[in-house]
There are 2 protein chains.
Amino acid sequence: MIESIQLDKSSSKHLYIQLYIQLRGLIEAGKLKEHTKLPPIRKLSKSLGVNNVTIVNAYNLLEEENLVYKKVGSGTFVSAKNLVGDREDVYLDEEVYIDEDTKFVEDRKGVEEGDRVINFATAAPTPDLFPIAPFKRLLNKVLDRDRGYAFGYQKSQGYLPLRQSISEYIKSYNIESKIDEIQIVSGAQQGIDILAKTFLDYGDTVFVERPTYPGAISVFKSRRANIVDIPMGEDGIDIKALEAELAKEKPKFLYLMPNYQNPTGYSYSKEKKERILELAKEHDLLIIEDDCLSDLNYGKNNNSSLKSLDTESRVIYIKSFSKIFMPGLRLAFLIIPERYFNDILLSKYMSDIFTDGLVQRVLDLYFREEIWEEQISKLKQTYQQRYEAMVKSLHKYLPQRVKFTTPAGGLNLWLELPESISGKKLHQKALKKGINIAPGEVFYYSQKQENRVRLSIAAVTIEEIELGIKKLAKLIQTELDEENYRWDNSIMPLV
Amino acid sequence: MIESIQLDKSSSKHLYIQLYIQLRGLIEAGKLKEHTKLPPIRKLSKSLGVNNVTIVNAYNLLEEENLVYKKVGSGTFVSAKNLVGDREDVYLDEEVYIDEDTKFVEDRKGVEEGDRVINFATAAPTPDLFPIAPFKRLLNKVLDRDRGYAFGYQKSQGYLPLRQSISEYIKSYNIESKIDEIQIVSGAQQGIDILAKTFLDYGDTVFVERPTYPGAISVFKSRRANIVDIPMGEDGIDIKALEAELAKEKPKFLYLMPNYQNPTGYSYSKEKKERILELAKEHDLLIIEDDCLSDLNYGKNNNSSLKSLDTESRVIYIKSFSKIFMPGLRLAFLIIPERYFNDILLSKYMSDIFTDGLVQRVLDLYFREEIWEEQISKLKQTYQQRYEAMVKSLHKYLPQRVKFTTPAGGLNLWLELPESISGKKLHQKALKKGINIAPGEVFYYSQKQENRVRLSIAAVTIEEIELGIKKLAKLIQTELDEENYRWDNSIMPLV
C-alpha cells in the first residue's frame, strides 16, 4: 500500500503534508489495517527520496490525530479505529489524572494486538458527527465581513450579537434572559472555574451530587473548599439528605446537573426540581446548574431546567456547546443574576480576559442563519439511535444481577454491578478485549462505589454497541461464574 | 450619505448585514464623520422599507465594533476614529475594573463632542496591523486538511505539531526546550492564572515588581496570596530590596518581566539578570518570567530572556502572542521544567480542558510556512517608527520637569510627572481634550505613585503621536503654571 504513495516535489504543498494526507487516506480507507506497522523512517525517506524530517513530521501529524501510535523501540503503528479523534479526559480527577495507569480514556497499553477498541469510556463526540462545510462557509463569511475586527480584543463579557442570539435562542428553553445576563466563557469547565473563583474562598462549603463530574471537584478542591456530596437517586438528589446538610450549614452554592446528570444519566423529577427551588428560597441559596445535555431527550421527559423555573434569580445557568456543537471550540455561556455581574466579569477577566472572538462570531451566524436547529436535530437523531441500540443490547446481554435505568436522554448509562465486581478491574479486563469503559469510582468525591461503570454512546457506532456490550456482558458473566466457583470452593470443606 | 444606501431584498445576504456593511463603509471612508448622528431607527426602517429589527441589528453590530456609540435618549453616533477596535482593559485591577468611572481605556464619557480621541492608554494593537489574507488562507488550508479533526478534543498540553514548531522557533531566542516542556495556554493571562493555581495556596507569598501588571495582582489576590512588591529601577528590580525580602521569607515564586516591563518599559541589565539567577540558586527559587514584548527591540539592547540564561530549570517562561500576532486569538505558551508537568497540566485541565484546536493549527502553519518572521518584522518596523516619533515628541514638547527614559523597545513609555500632578487627574483632563492615557497608579499593589503615567504606542499613528503629545504637554504645563500661581499666592501674604 505504501508503494502507492507519490510525492510531488514541484507542488507548493509541503512534502510532509502530502505524505500525511496520503497516509491518512490509506488508513481511513482501511487499506492500512489497524496495528499495521508503518515503514521505518529511514527506509521510507530513502524510497521516497526525501529528508528524514519529512517522514517524522508526517508521522507526528498522524499521531496527533490519533491515527497512529508509537511504541518506543519498535516503531509506528496504525491505531485501532475507535481511537481516532478520541481525546477526552473529561471525567478524570486529580489522582487519576496524574497516574498514568489510570488514564482510562486514552489508555491503549492493555489492548492485545489485533483487537479493535470500542470506546464506551468517552462522552466526547467523534469529529465525524460535525459537518465541516457550514462551519467553513460561515467562518469565511465572518472573515470577509469583519476582517481585522474579528481578531481584535473582545469584550470580556462576550461578543454582543452572539449574546443577542443566545438570548433569543434560549427562549425555546423557556428561559427569559436579558442580553446583559449572558456571559460567554471558554467552555463549561471554565464556567465552573470562574464561578468557583467568584464564590469560593478558603474553607467555604459547596454542595455537590454524589457521584458528580470530577472536573468540578478538582476546581472546588483547588479553591480549598469544603465539599459536601449528597447522594443522587434515579429521580434526582436525595432531598432528605440535602435538608439534613442544610440544617448543619449553608453552602456558598449547590453545583447540580438536573438533566441527564454526568455520570449517571439521571434527571430530577419535576417535584424535586420544584422542591430544590423552594429550599433555595427558604435558605437563601445560590444554585449552579450545569446543563450540557438537556437538548438530548429521546422520550417524553420533562427536561425543563431549574433556570426556567427560577423566578427569584437564585440559579446561575451554565450551558456548554461541546457535546452538541464542535467540541474543539471552547465555547459555553452563563446566565447570571445582575447582582453578580461585576464579580463574575472580574473572574472571567482574570481567567483569560476574553474568549476567542472569531469562534463567537461564527457561532452567532449559526444561530442567525438557523443552521443551528438543523445540526442539533440531526445529532440528536444519531444519538437517539445509538441510545436505543445500547438499551436493547444491555437488556439482551447483561446478566440479571447488573442493574441500570434507562433515562431516555443524554449520552451516558450508569451500571451497578454486583457488589463483588470492581469497575476498575472490569475496565482493565475489558480493555484487553478491546472495550473501553469508564470505571464509576472516579466520579466520587467520598464514599466511592467501586461496582459502578459509566457507558457513553458518544463515540460508538450501532454495530459496535451490539458487539461491545455482548463482549462486556460475557466478561461480567465470567466474573460472576468465578465468584460462584470461589464460593462453592469455600463452602466445600464445610460439607 | 445615508441616502446612498440600497438594500437588495432578493439577495441571500441578510438585510441587516447588508445595511451594516454599507454603513461601515461610509464610516470607514470618512463619509459619515465622527459624532454624526445616525438616523432614528423608525425613520430609517421606513425609508428603506424594512423592519425595525433590521436597523436595530445593524446598529448593534456597528456598536459591537466600536464604530458607533449610543447615548441613552438621544440616539446612535459615529465613533471617534481611534476608538475603533480598541477594547483593551489590560491594566485594570479589581477596584478599577468594577468602578465604571475609572474604566479608562473604554472611557468616552468625558470626551467633548467633536474631539478626536488619541489613544495612548491601550497597549493592545489595532486590528489594521494584522494582515487578514494569510490568516484566511491558512485557516482554509487547515479545514481542508484536517476537516473534523480540527474540531475534536485536543490534548490539554496543546497540539503536538504546534509545540514542535514553537520548540524550533524559540531556538532563535537561544532557548532550548524539549517539546514536552511546552504547554499551550489560552493567552498569557491564563498562563498566570494556571501557574497561580499550581503554586499558590492560601497565605503563600509571591514577589512581584513595583509597579507591575495588575492582571497578575488580581490573580494572586484571588488565590489569597501574600504579595510582596519590590521596586523596579531603570535597569531592573532593586536587588538590595530583593535580598532584604529574601532574608525574611522565601516566596513560592517571583513574577518578573525582565524585558520591556509592563508598565515601565524598563529592561533588566545583563548583570541583574545574572544576579537574579544566582539568587535563585542560592535560595532555591522559582521564577515566572512573563515575556510578551522582547521581540520588539528597536536598538542594540541585550534582550535575552532569563529562560535563555537559566541552566538549572528554575524559570517558567510565559510567552504571549497577543501583542505580536492576532490579539483576538487567545494563544500563548509556557516552557516548564519537567518536575511541574503534571501539576501544571492539571491546572490547565481545570481551567478550560484545552485551548481551541483550530487556532493552534493555524498558528502552526504560520511557523511552518515561515510567514511568522515576516509578520513580526513588519510589525516591529511599524512600532519602531511610532516609538521614535513618540520619543522625539516627548523630548520636543514635554516640560523639563517631566522625567522619562527611553528603553528603545516595547510598546510603553513611563512618565514621572512633577510630584504635584496626579496621573489620574491628568487622565481626566486629557480625555476632555481627546487624549486617553493610562494613569500609573493602577499598576501599583502598594505604595501607589500618583504622579506616574503610561503611554503606549500600540494604537496611535505617527501623526496622532505628535499632535497628542503636544496637547498633553500643554496640559501638563498649564498644571505647572497653576501650581506656580498657587505657590505665588500662598507665599504672597508672607511678603
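This is a guided tour of a predicted model, stop by stop, with what to select and what is there.

Residues are numbered from 1 along each chain as its sequence is written, while chains are lettered from A and ligands numbered from 1 in the order in which they are written. Because the model is predicted, local features need pLDDT of at least 70 and side-chain atom pairs count only at pLDDT 80 or more, whereas totals for chains, interfaces and linings use all residues; side-chain values use heavy atoms, with hydrogens and water left out.

**Salt bridges**

Begin with R224(A) and D201(B), whose side chains meet in a salt bridge at 2.7 Å, N to O, the term being used for a side-chain nitrogen of Lys or Arg within 4 Å of a carboxyl oxygen of Asp or Glu. This pair crosses between chains, running from R224(A) in the loop between α8 (214-222) and β6 (226-233) of chain A to D201(B) in the loop between α7 (188-199) and β5 (205-210) of chain B. The helices named here (H or I, at least four residues) and strands (E, at least two) are DSSP runs, numbered from the N terminus. R224(A) is partly exposed, at a relative accessible area of 37%, and D201(B) is partly exposed too, at 24%; buried stands for under 20% relative accessible area, exposed for over 50%, and partly exposed for what lies in between (1.4 Å probe, protein chains only). Over all chains, the structure holds 63 salt bridges.

Select next R314(A) and D284(A), which form a salt bridge through their side chains at 2.9 Å, N to O. R314(A) lies in the loop between α11 (306-309) and β10 (315-320) of chain A and D284(A) in the loop between α10 (270-283) and β9 (287-291) of chain A, so the pair ties together parts that are 30 residues apart in sequence. R314(A) is buried, with a relative accessible area of 14%, whereas D284(A) is partly exposed at 46%. Extend the selection to K250(A), K281(A) and E312(A), which are linked with D284(A) and R314(A) in a network of salt bridges.

In chain B, turn to E243(B) and R275(B), whose side chains meet in a salt bridge at 2.6 Å, N to O. Here the link is between distant parts of the chain, with E243(B) in helix α9 (residues 239-248) and R275(B) in helix α10 (residues 270-283), 32 residues apart. E243(B) is partly exposed at 29% relative accessibility, and R275(B) is partly exposed at 23%.

**Helix α12 in both chains**

Now select residues 341-352 of chain A, where helix α12 has 12 residues and reaches 17 Å from its first C-alpha to its last, close to the 16 Å expected at 1.5 Å a residue; that expected span is 1.5 Å times one less than the number of residues. Nine of the 12 residues of α12(A) are buried, so this helix is largely enclosed by the rest of the structure; among them are I344(A), L346(A), Y349(A) and D352(A). Just beyond, α12(A) is followed by I353(A), whose phi is positive, near 65°.

Move to residues 341-352 of chain B, where helix α12 likewise has 12 residues and reaches 17 Å between its first and last C-alpha. α12(B) is mostly covered, with 10 of its 12 residues buried, and these include F341(B), L345(B) and M350(B). I353(B) follows α12(B) with a positive phi near 70°.

**Backbone details**

Select N262(A) and P263(A), which are joined by a cis peptide bond with omega about 15°; P263(A) sits in the loop between β8 (253-256) and α10 of chain A. In chain B, the peptide bond from N262(B) to P263(B) is cis as well, with omega near 15°, and P263(B) is in the loop between β8 (253-256) and α10 of chain B.

Next come two non-glycine residues with positive phi. E370(A) has a phi of about 60° and is found in the loop between α13 (357-368) and α14 of chain A, where E370(A) is exposed at 61% relative accessible area. H35(B), with a phi of about 65°, is in the loop between α1 (15-28) and α2 (41-48) of chain B, and H35(B) is buried at 16%.

**Last stop**

Finish at Q381(A) in helix α14 (residues 372-397) of chain A, a residue that is partly exposed with a relative accessible area of 49%. Adding L296(A) to the selection shows a pair 85 residues apart in sequence and 9.0 Å apart in space, C-alpha to C-alpha.
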